[in-house]
Protein chains: 2
Amino acid sequence: MLTAEHLRHPALFAKIVTADQAAALIGDGMTVGVSGFTPSGYPKKVAQALARAVAAGRKCRINLWSGASVGPEIEEELAAVGAIARRAPYYAASNKSMRVAINSGDIRYTDLHLSHFAQQIDYGFLGPVDVAIVEAVAVTATGDLVLGPGVGNTPMLVQHAAQVIVEVNTAQPLELEGMHDIFVLPRPPRRREIPIYDTLDRIGGPYVACGLGRIAAIVESDVPDKVRNLEPPDDLGRKIAANLIDFLAHEQKRGRIPTAMLPLQSGVGSIANAVLAGLAASPFENLHMYSEILQDAVFALIEAGKITAASGCAFTPSPGVLERFRRDPGLYRRALVLRPLDISNHPEVIRRLGVIALNTPLEFDIYGHANSTHVMGTHMMNGIGGSGDYMRNGYLTIFTAESVARNGAISRVVPMVSHCDHTEHDAMVFVTEHGVADVRGLSPRERARVIIANCAHPDYRGPLLEYVRAAEQGGGHTPHDLNQAFAFHDRYNRTGTMKNGKGGPANG
Amino acid sequence: MLTAEHLRHPALFAKIVTADQAAALIGDGMTVGVSGFTPSGYPKKVAQALARAVAAGRKCRINLWSGASVGPEIEEELAAVGAIARRAPYYAASNKSMRVAINSGDIRYTDLHLSHFAQQIDYGFLGPVDVAIVEAVAVTATGDLVLGPGVGNTPMLVQHAAQVIVEVNTAQPLELEGMHDIFVLPRPPRRREIPIYDTLDRIGGPYVACGLGRIAAIVESDVPDKVRNLEPPDDLGRKIAANLIDFLAHEQKRGRIPTAMLPLQSGVGSIANAVLAGLAASPFENLHMYSEILQDAVFALIEAGKITAASGCAFTPSPGVLERFRRDPGLYRRALVLRPLDISNHPEVIRRLGVIALNTPLEFDIYGHANSTHVMGTHMMNGIGGSGDYMRNGYLTIFTAESVARNGAISRVVPMVSHCDHTEHDAMVFVTEHGVADVRGLSPRERARVIIANCAHPDYRGPLLEYVRAAEQGGGHTPHDLNQAFAFHDRYNRTGTMKNGKGGPANG
């Protein structure tokens, strides 16, 4: 039941409607922005109501904008009934209907650097926002919004929305209030710096500016975010983490990382979680995270006193994380700040602070290009997300990955990436369970040797070396045989493995 | 003859040596940083002396660092005698010996985003700088350096150099003094913003800090920078410029560019020069440039009152430009500021100011990836330079190119770029003589249609469409047939043209 703690102006109670009534505000062809970032702080009930209406025959296809991929109520249920025409700026493979529709072209998806999306909305490049649906913990007396655990692009979406629907979710802890630092950049040409000089610096206010007048409807919700606990790291993840932490310690010893350490950014997924878990046993102390999303392990590290400051645009409210949070909200309120996505990922701040960037691509090539998004160059797996923001602007930029996938049928180190999201100019270091390839200052021919020797799986080292040696016969700064560059991928498409089955080269 | 105007402390005169004596300070295996950016403000005499010594039998192979490619005394003469082991961060094809050695792998070249190089030196990632050779207009009483028309990475190279050799060039106008704004960023984690909020804001001082003690030798020079006047724009260049300017005017009318206009960045070369020339006849007034290098046309536009403020890390001192400068130095001293390369190209400033980025790639593909560097994917033509800094961080990011090269034998629009320097996530707009492809907010399948229809040469539209239609049979967010993705390039390598000679598809 919503109380005066949730709705802090009497007029707000008059705006309470059912989810079905709120969903009726959303018209065919509209652009709808939703709050949240990953399954964290996204609206559930109105999306489900819209999906029900469409399933029952209502014609409504929307353009869906968000922070990142959110929960299945949106990504799966709306997609399954064909209610999504366009999607931006991110998508993750976990929801089947969305995945199928994006890869068939039925949903027109635009994959953007996450730091770019809010500004492209603000500049008017992508058209107007008709409705924003925002999950909030509470609405203030002036009609401003107290967000849940995921900020994403909510401030910019609300700023531009003609109408705002608020889902007030009593399942989210009210102690989240005050953890957000909401700051919306003005447009150029006359604008100032983003005055963040340390991880926890606050530059805005705790609420998303909205105002009573623009709130078209309020829907009560008590549906938790759909997040599962992450699996504990496996052997391979632990090996990658150990290689990475050795490397960082070595860099620090050589004076190339300051003794006070630098803020870390970490992508999402099992390897990222293993790396964070590895930090718990590392010699590093008083760590800072200046990152996009703060996963489960960050909470464990804060509790252990290893991480003393963390900034992100969301945290992942898994059952384990929520339990920690409810046990000691004061600890996390002191150590965490939640920012808009375009601030958490902003090149200005990432470069100024000297963030060490850790991300995991699908594949990378012998010259250092990386593919974060497309399986075999064609099928979208996950969007690029913030990896480009951090890998371009970080102090030290590191890709971590397992050397192979599918029990060795896929080498993650290939002659040429089948889709390029990060160029050779961006990543400095590659880490797999086999070792570390530090390619700073190397030429492409040197990079190829180091990446093959230190990162590739032993089964693929021979074929990769054979590829580069043959390509060198043709000369060039970056030797390639364009007829064989995708031989690994072609073999996989034809035979189900990149290996040629004879112990010989894949590029035979 | 060097006078007290050039050497402003008596002790400096005692440091005058011959170029041969100065070159003897450079030992085998050393890392040598040189001033300048393009053939602008680079040292000539010591490089030539070193080349002579090596030609005469002295063993000396150096690692050569600079701002960008500089003049033939360095790029050609040193390369021709095998005196260069490594090269960073940029190279341009105009010098044959360097080109041949980089493409054979004899010179190990590292191609970097130009905004990254100074910081990688500063972070210690690339090793120490043994000697810096700096062309200066004068040396102050405290041993600090008044640079010529190209700043590049000189401040950081001097900061890290164990020894500094100064070539004082009496052929450079002394009126350059005061035009530089030299600012060296501290290292993270404790650093502040770069306080540039308008094109001409000054944040540093006029001189490169060096100090009398570190100046190991002074060499007198009167050798002009080796720059030719650019050819006037041709028909094709003018068509591209007209398409671009129409597009900018349209965007401004739609409110997507502020009425006051935004600062422009422009790459180098004939198309860039045509675009700038086109601005002279455009409705735009009071233009600002926040760019890397300021080419000839910028001076004409300043004189015409069209450009009122220009910031760069160098200007191109062609005979025509120098004539204009000498005629009215006051005008250019008011309208121009010369900054270090890592400031002219810094993401923080580019994004804050809202720079409109205009660059020219070698080729781009139907999905929006671009290749700025490698001919047919293997042979280095020019380094990536600053294009990535601006195309990633600009307000509006635009690639301009001719639709074909070599009389139509090469299509600059291809199914898949043979080398990727800029991903689909970066460029928003593509302009050729045939039209404008605005791909903001589009999905890959949509982008392919728009790019083919609006930018490709009519001879290649059919084959490109046929490629994408066939690829779509395989499905996927970004349809590709990896076996045919380089069919255009392969045909060119085999037959000398990307056309199949039968009017049919190139990918047949």
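User: Through what do the two copies, chain A and chain B, meet?
Analyst: The model is predicted; local features need pLDDT of at least 70, side-chain atom pairs count only at pLDDT 80 or more, and totals for chains, interfaces and linings use all residues. Residues are numbered from 1 along each chain as its sequence is written, chains are lettered from A and ligands numbered from 1 in the order in which they are written, and side-chain values use heavy atoms, without hydrogens and water. Of the interface residues of chain B, 100% are also interface residues in chain A, so the copies meet through the same surface.

User: What relation superposes chain B on chain A?
Analyst: Copies are superposed by least squares on the C-alpha atoms of residues with pLDDT of at least 70 in both. Chain B falls on chain A after a rotation of 180 degrees with 0.0 Å of shift along the axis, at an RMSD of 0.0 Å. That is the relation of a two-fold axis.

User: In chain B, which residue has the C-alpha nearest the axis?
Analyst: This C-alpha lies 2.2 Å from the axis. The residue is B:Glu348.

User: Which residues have the most contacts inside the largest nonpolar core?
Analyst: A nonpolar core is a set of buried Ala, Val, Leu, Ile, Met, Phe, Trp, Tyr and Cys residues joined through side-chain atoms within 4.5 Å, where buried means under 20% relative accessible area with a 1.4 Å probe, protein chains only. The largest such core has 156 residues. Those with the most contacts inside this core are A:Leu396 and B:Leu396.

User: Which residue of chain B does A:Leu396 touch?
Analyst: Contact means heavy atoms within 4.5 Å. Leaving out residues up to four places away in sequence, A:Leu396 touches residues of chain A including A:Phe247, A:Ile257 and A:Met428. From chain B, the residue touched is B:Phe125.

User: How many disulfides are found over all chains?
Analyst: A disulfide is counted when two cysteine sulfur atoms lie within 2.5 Å. B:Cys420 is in no disulfide, and its nearest cysteine sulfur, that of A:Cys420, is 3.5 Å away. The search of the whole structure gives a count of zero.

User: Why does B:Cys210 not bond with B:Cys313?
Analyst: B:Cys210 counts as buried, at 11% relative accessibility. The closest cysteine sulfur to that of B:Cys210 is in B:Cys313, and this is too far for a bond, at 20 Å.

Note on methods
Buried < 20%, exposed > 50% of the residue type's maximum accessible area, 1.4 Å probe, protein only.
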